[in-house]
Amino acid sequence: MQFPVEAFASIETPFYYYDVELLKATLDAVKREAAKYDGFHVHYAVKANYNPRLLEIVNAAGIGADCVSGGEVRAAISAGIPAGKVVFAGVGKTDKEIAYALDSGIFCFNVESVPEIEAIERLAAERGAVAQVAVRVNPNVGAHTHANITTGLAENKFGVNYEQLDGVIDVIESMPHIKLIGLHFHIGSQLLVMDDFIALCCRINELQELLHETRGMVLPHINVGGGLGVRYDAPDKYPIPDFDLYFATYANNLKLYPGQQLHFELGRSIVAQCGALITRATYIKNGTCKQFVVVDAGMNDLIRPALYDAYHRIENLVSCEPDGVYDVVGPVCESSDVFCKDRRIPATKRGDILAIRTAGAYGEAMAFGYNCRELPKAVLSTDLNM
Ligand code: LLP
């Protein structure tokens, strides 16, 4: 990714910079690779980045949306994504959110509990509608990623466990305003090892066999969630994730019944590499045993390092000096407001512009206003005259 450093000089920092060309190339790749297989459908996980201008680009690529709140359903639909391509997950959907999604005519609710199913039944009945649902099953598959972003273990709050599934299906079948159309899974995020997805495929195969044998049931839709990881360590070497390998892994390991449709909910892999948080060094500060680069972006702009100890490459876009060793820290009044510790980057001085890379996913989307800080702005490459 090339940064228009001269154009950055006149823009107030911090801001998120998005390379539209890379986003479009990534979308092209995901569509091309999915289209190699019959019945593969990609839904963009809006939670990764719901910037409306990016959502419009996602919509132009013709893929659907995966949403986890009424607000995300609204954002997806406002960007032009057809309601018929929207899936809606989440353990805590409120009546208001369910009603909005029903009125919008979304494709499917990924349901996570019996009380939620009862709420959907009641609200659909009031409207004389029939809601399509997929049961989110907790596959109890461990994913090799940070503990805070695994979702498919028995201890996680998501989905219904295997032992409960039969009872949940009975409940759904007794409800006239709910139609069971599929099963939904998601094991975690930032997965670079295909073995985790293969383990998920094996669990789904077992479950499908069981449902077929015991209930004669074959559901038309299987949704395997998202989770494909990106290379935070080498964004320029791997700007576009290996969608070819990812889809082939499912095609080779998941046993679909004739006509079954397979859905994916990819977030990070679509938007992470096209975004960077651009910030300026406000001060260089010497501690007793450390050198700090204090930048004007903080954990409120990008919380991943503070929350998950996540690694993001940091580049000084203007210095060609030999490396120094720094902690790059923000201005927020929290000791955890640290982007990296003891990192070698070119010697940095006040005013230098830095890029915190691979920040397009769960960066701007997770920004908040602590310390009365303004939310970060977004600049698209297409905004600049280059
Ligand atoms: N589907 C479901 C049901 C999910 O829970 C998630 C992410 C996705 C799809 C999209 O996963 P992706 O393809 O982006 O891995 N804030 C964390 C990540 C949280 C992911 C939550 N669920 C981070 O910054 O790493």
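Let's start at the ligand: one of its nitrogen atoms sits 2.6 Å from an N or O atom in the side chain of Glu 265. Bear in mind that the model is a predicted one. Arg 304 also has a side-chain N or O atom 2.6 Å away from the ligand, this time from an oxygen atom. Tyr 308 joins in with a polar side-chain atom that lies 2.8 Å from a ligand nitrogen. These three residues belong to a wider set of 18 around the ligand, and together with Ser 189 and Tyr 362 they are the ones that come nearest.

Now step back to the strands. Eight of them close into a barrel, and following the order E2-E3-E4-E5-E6-E7-E8-E9 takes you around it, with parallel pairing. On average, neighbouring strands of this sheet are turned by 30° against each other, if direction is ignored. For a single pair, look at E2 and E3 (residues 64–67), which run parallel and are joined by three bridges. There, His 43 has Gly 64 of E3 as its bridge partner.

Strand E2 leads on to another feature, the second largest pocket, where E2 gives the most to the lining with four residues. The space in this pocket comes to about 240 Å³. Its lining counts 14 residues, and His 41, Val 42, Gly 62, Gly 64 and Lys 85 are the closest to its centre. Helix H2 (20–34), like E2 (40–45), supplies at least two residues of that lining. What mix of residues makes up the lining of the second largest pocket? Six are nonpolar, six are polar and two are charged. Gly 64 is worth a second look, being the bridge partner of His 43 and also one of the residues closest to the centre of this pocket.

Terms used: Residues numbered from 1 in each chain as written. Predicted model: local features only at pLDDT ≥ 70, side-chain atom pairs only at ≥ 80, totals over all residues. Heavy atoms only, no water. 1 Å grid on protein atoms, 1.4 Å probe; cavity = no way out; pocket = protein on both sides within 12 Å on 5 of 7 lines; lining within 4 Å. Points joined across faces, edges and corners; volume = space filled by probe spheres on them. Nonpolar A, V, L, I, M, F, W, Y, C, P; charged D, E, K, R; others polar. Pairing = 2+ DSSP bridges. Axes fitted to C-alpha atoms, helices over the stretch in contact; angles between N-to-C directions. Near = heavy atom within 4 Å. Polar contact = N/O pair within 3.5 Å; in protein donor to acceptor, adjacent residues only side chain to side chain.
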